[in-house]
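Good morning, and thank you for joining this meeting. I should like to present one structure to you, beginning with the whole chain and then moving to a few selected places. Please keep the display in view as I speak.

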Amino acid sequence: MSTLNVDVIQNKNTKSVDTLCGLAENIEECEFSKLLEKPRILNIDRQRSLDDRTLSELGIGISPRFSSRTDFNSSRIFEPLDSPVGKRSGFNTPRSPTVSDPHPMVSEAWEALRRSLVYFRGQPVGTIAALDNSEENLNYDQVFVRDFVPSGLAFLMKGEPEIVKNFILKTLRLQSWEKKIDRFQLGEGVMPASFKVLHDPVRNSETLIADFGESAIGRVAPIDSGFWWIILLRAYTKSTGDTSLAELPECQKGMRLILSLCLSEGFDTFPTLLCADGCCMIDRRMGVYGYPIEIQALFFMALRCALLLLKHDDEGKEFMERIVKRLHALSYHMRSYFWLDLKQLNDIYRYKTEEYSHTAVNKFNVMPDSLPEWVFDFMPLRGGYFIGNVSPARMDFRWFCLGNCIAILSSLATPEQSTAIMDLIESRWEELVGEMPLKLCYPAIETHEWRIVTGCDPKNTRWSYHNGGSWPVLLWLLTAACVKTGRPQIARRAMEIAEARLLKDHWPEYYDGKLGRYIGKQSRKAQTWSIAGYLVAKMMLEDPSHLGMVAIEEDKQMKPLLRRSNSWTL
């Protein structure tokens with residue numbers, strides 16, 4: 001492990017926290033300090049936003065003309081703003097005609113969210129993972145990149161973007177640190193999984209410590225952190241109209257470093273990203289190694305966001321060309337091979353094996369006998385979803401909520417596929433929502449399969465935690481997907497279920513049981529992203545225009561011609 005440097009600063013506003021092992025480094029006084037001020041609001045008068053244009057219209061399609069285009073203005077990449085900060089954030093979606101009095105939970109949730117704020121140099125830089133003092137802290141007293149996203153969205157919707165800007169700049173600075181696990185150095189673009197502010201009461205000084213995976217369970221670097229960072233940067237820009245943050249050379253470089261890691265050429269024959277177990281929200285061994293849907297959907301979303309944020313200079317245009325090529329390949333691959341509906345399920349059931357040549361139908365040599373029995377009953381007549389994983393001779397047919405919701409928001413799913421996913425949720429409400437939204441994955445693995453896949457993990461027993469547990473934070477993703485597909489009634493139904501219990505149960509991290517009836521056996525209370533997820537869902541239902549922060553419309557140029565029928569044609 002490399003020598004640990006620390007960033008120490010005198011600060012009268014002391015906040016005591018426990019010691020943590022991890023990386024630390026001097027964060028020098030630099031030009032970043034002058035950026036931690038109220039964002040500059042730009043009123044950009046444009047007829048159509050880039051989000052509504054196709055890649056071919058922008059002249060960045062895959063053609064020789066791309067390299068010759070020089071008349072670009074980076075301000076073109078942002079959509080017009082309909083009103084000041086915090087009121088509208090894109091998508092010409094009308095406000096709800098009537099907004100009822102705030103639910104009593106809302107004020108309680110905001111108080112709890114503000115109590116979770118973490119300060120450094122007297123400024124808020126994130127939110128702590130949980131404020132449950134009844135349990136050992138472990139790493140719940142840190143600011144996690146993925147956990148902060150719903151908190152950041154809540155503050156943006158509230159018209160308080162400063163904390164989001166501080167968070168983006170602080171994590172960007174952490175990205176530049178040297179990252180080593182044992183004697184191996186991680187890629188320069190890796191974003192931290194989390195960071196922590198340590199206070200020395202003797203010296204009255206503060207120290208930042210970041211974890212890039214060297215302290216995580218299984219010592220796996222967080223692939224999703226960089227993707228969430230890009231997505232949040234675009235949400236900030238959409239909400240505030242402040243283009244100056246994304247246009248900073250430091251932010252541009254940070255994006256390019258992240259993109260360099262995932263666009264690098266290797267031995268891959270697929271456009272998807274090869275991942276280890278534990279590299280995302282499911283941060284323990286759960287059989288998601290390979291090409292998990294969560295990472296592929298976030299990858300697609302981050303690529304589309306980066307395409308909107310990169311400047312049109314020489315370096316930016318080079319990456320934009322690479323992004324466009326990857327988006328075309330990735331959208332085709334995911335929509336063709338990860339998509340499952342009744343027709344495709346029947347086709348797999350009838351697959352022949354050991355096929356050779358480019359005419360093969362069973363391209364991954366999947367054995368029909370490997371189809372799990374539950375999937376035949378789970379698949380409705382109308383509906384479909386992106387399955388959990390596709391790799392040689394292996395398909396993981398489990399439903400994963402986050403990946404499917406992000407697929408809708410990013411338009412990785414076609415409008416027809418998005419509708420089919422919502423049809424599935426309605427048809428399988430008892431299984432996927434039950435008594436507390438929302439199942440992280442379905443179904444749970446158990447008995448011998450549980451022992452093999454999880455290594456007898458006592459935390460991921462059946463219908464608990466990542467193994468079929470119900471996570472309230474997913475409510476914001478479901479709500480956003482519902483609003484985008486024109487099905488807000490589904491989100492309202494889920495919201496009613498959540499509001500009946502969340503506050504009374506003190507905002508648990510997750511629930512256990514086949515229906516999500518029981519507070520998780522190791523669930524933390526006062527879980528910040530459960531609180532923030534509820535607030536984001538609530539505000540999005542009251543003002544659907546907030547959807548523009550987290551959703552991108554479909555690009556018609558990336559829609560492949562699917563050769564098979566789909567559930568919506570039945």
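Of the 570 residues in the chain, 61% are buried. Please bear in mind throughout that this is a predicted model. The chain contains 17 helices and 16 strands. Turning to contacts with a separation of 6 or more, 74% of them are accounted for by residues 24 or more positions apart.

Let me now take two pairs of helices. The first pair is α7, residues 293-309, and α11, residues 401-410. How do these helices pack? The angle between α7 and α11 is about 20 degrees, and their axes are 8 Å apart. With angles under 35 degrees counted as roughly parallel, α7 and α11 are therefore roughly parallel to each other. The crossing in which α7 passes α11 is left-handed. On the α7 side, the contact is made by Ile293, Glu294, Ala297, Leu298, Phe300, Met301 and Arg304. On the α11 side, the residues are Leu402, Gly403, Ile406, Ala407, Leu409 and Ser410.

The second pair is α15, residues 475-484, and α17, residues 528-542. Here the packing angle is about 20 degrees, with the axes 7 Å apart. The helices α15 and α17 are therefore roughly parallel to each other. Again we have a left-handed crossing, in which α15 passes α17. Which residues meet here? From α15 come Leu475, Trp476, Thr479, Ala480 and Val483. They meet Gly533, Tyr534, Val536, Ala537, Met540 and Leu541 in α17.

I would like to stay with Thr479, which is located in helix α15. Is Thr479 buried or exposed? Its relative accessibility is 0%, and Thr479 therefore counts as buried. Leaving aside residues up to four places away in sequence, Thr479 touches Ala491, Ala537, Met540 and Leu541. There is also a relation to Cys405: the two residues are 74 residues apart in sequence, while their C-alpha atoms are 9.2 Å apart in space.

Next, consider helix α9, residues 342-349, whose buried residues are Gln344, Leu345 and Ile348. Where on the helix do they fall? Viewed down the axis of α9, these buried residues lie within an arc of 105 degrees, so they line one face of the helix. Their packing partners are β9 (339-341), α10 (374-378) and β12 (394-396). At the N-terminal end, α9 is capped by Asp341, with a side-chain oxygen 3.2 Å from the backbone nitrogen of Lys343.

My last place is Asn389, in strand β11, which covers residues 389-391. Asn389 has 0% relative accessibility and therefore counts as buried. What does its side chain reach? One partner is the backbone oxygen of Tyr289, at 2.9 Å. Another is the backbone nitrogen of Tyr291, at 2.8 Å. Not counting residues up to four places away in sequence, Asn389 touches Val288, Tyr289, Gly290, Tyr291, Pro292, Phe338, Arg394, Met395 and Asp396. As for Phe338, it is 51 residues from Asn389 along the chain, and the two C-alpha atoms are separated by 7.2 Å.

To close, I would return to the two buried residues we examined: Thr479 in α15, with 0% relative accessibility, and Asn389 in β11, also at 0%. Thank you for your attention.

Definitions and conventions: Residues are numbered from 1 along each chain as its sequence is written. This is a predicted model: local features need pLDDT of at least 70, side-chain atom pairs count only at pLDDT 80 or more; totals for chains, interfaces and linings use all residues. Side-chain values use heavy atoms; hydrogens and water are left out. Buried means under 20% relative accessible area, exposed over 50%, partly exposed in between (1.4 Å probe, protein chains only). Helices (H or I, at least four residues) and strands (E, at least two) are DSSP runs, numbered from the N terminus. The arc is that of the directions from the helix axis to the C-beta atoms. Contact means heavy atoms within 4.5 Å. A polar contact is a pair of N or O atoms within 3.5 Å; within protein, one must be able to donate a hydrogen and the other to accept it, and residues adjacent in sequence count only if both atoms are side-chain atoms. Axes are lines fitted to C-alpha atoms, for helices over the stretch in contact, and angles run from 0 to 180 degrees between N-to-C directions. Angles under 35 degrees count as roughly parallel, over 145 as roughly antiparallel, 65 to 115 as roughly perpendicular and the rest as oblique. A crossing is left-handed if the near helix is turned anticlockwise from the far one by less than a right angle, and right-handed if clockwise.
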